[in-house]
Amino acid sequence: MVAWPQFAEQFYNEKLIVKVLKIGVSVGVEVPVKWGEEDKAGILVKREDVKKALDELMEDGGEGEERRRRATELGEKAKKASEEGGSSHKNMTMLIQDVLELQS
């Protein structure tokens, strides 16, 4: 995943994807703006920055291979969680049941 945060919580999402989960690459937008003032940053990203991020993301072997392995692993976990009996499926079922109970 190529992360190109624009405003609000996207900067936190970028850090999660790039630094914590290690499944993405940042385009390199580092803008120290305050919450709610993102439109004042005037962010311009150059073509070279996007190309560099894509080249890094798609690199063969090394970190690129490890990044793809982690992404595949997370995808498999997400699929299991959303299948019947998985944690996401159970949570969604409970939410629907709660809403239906509140409705009646």
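## Buried and exposed sides of helix 3

A residue counts as buried when its relative accessible area is under 20%, and as exposed when that value is over 50%. With that in hand, let's look at helix 3 in this predicted model. Gly-64, Arg-67 and Ala-81 are buried in this helix. The three cover an arc of only 110 degrees around the axis, which puts them on the same side of helix 3. Gly-62, Lys-79 and Lys-80, by contrast, are exposed on the other side of the helix.

What do the buried residues of helix 3 pack against? Their partners are strand 2, helix 2 and helix 4, the last of these spanning residues 87-103. As for its overall dimensions, helix 3 has 21 residues and reaches 31 Å from its first C-alpha to its last. That is close to the 30 Å expected at 1.5 Å a residue.

## Where helix 2 meets helix 3

Helix 2 takes in residues 47-58, and helix 3 takes in residues 62-82. Their axes come within 7 Å and cross at roughly 75 degrees. Angles of 65 to 115 degrees count as roughly perpendicular, and the two helices are therefore roughly perpendicular to each other.

On the helix 2 side, the residues at this meeting point are Glu-56, Leu-57 and Met-58. Their counterparts in helix 3 are Gly-64, Arg-67 and Arg-68. Sorted by class, this contact has two nonpolar, one polar and three charged residues.

## A closer look at Arg-67

Is Arg-67, a residue of helix 3, buried or exposed? Its relative accessibility is 5%, so Arg-67 counts as buried.

Setting aside neighbours within four places in sequence, Arg-67 is in contact with Glu-56 and Leu-57, both of which belong to helix 2. The contacts of Arg-67 also include Lys-22, Ile-23, Gly-24 and Val-25.

## Lys-22 and Glu-63

Lys-22, one of those contacts of Arg-67, lies in the loop between helix 1 (10-20) and strand 2 (25-26). Its backbone is worth a glance: Lys-22 has a positive phi of about 55 degrees although it is not a glycine. With a relative accessible area of 43%, Lys-22 is partly exposed.

Glu-63 sits in helix 3 and is exposed, with a relative accessible area of 53%. How far apart are Glu-63 and Lys-22 in sequence and in space? They are separated by 41 residues in sequence, while their C-alpha atoms are 9.4 Å apart.

Definitions and conventions
Residues numbered from 1 in each chain as written. Predicted model: local features only at pLDDT ≥ 70, side-chain atom pairs only at ≥ 80, totals over all residues. Heavy atoms only, no water. Axes fitted to C-alpha atoms, helices over the stretch in contact; angles between N-to-C directions. Helix = DSSP H or I, 4+ residues; strand = E, 2+ residues; numbered from the N terminus. Parallel < 35°, antiparallel > 145°, perpendicular 65-115°, else oblique. Contact = heavy atoms within 4.5 Å. Nonpolar A, V, L, I, M, F, W, Y, C, P; charged D, E, K, R; others polar. Buried < 20%, exposed > 50% of the residue type's maximum accessible area, 1.4 Å probe, protein only. Expected span 1.5 Å × (residues − 1). Arc of directions from axis to C-beta.
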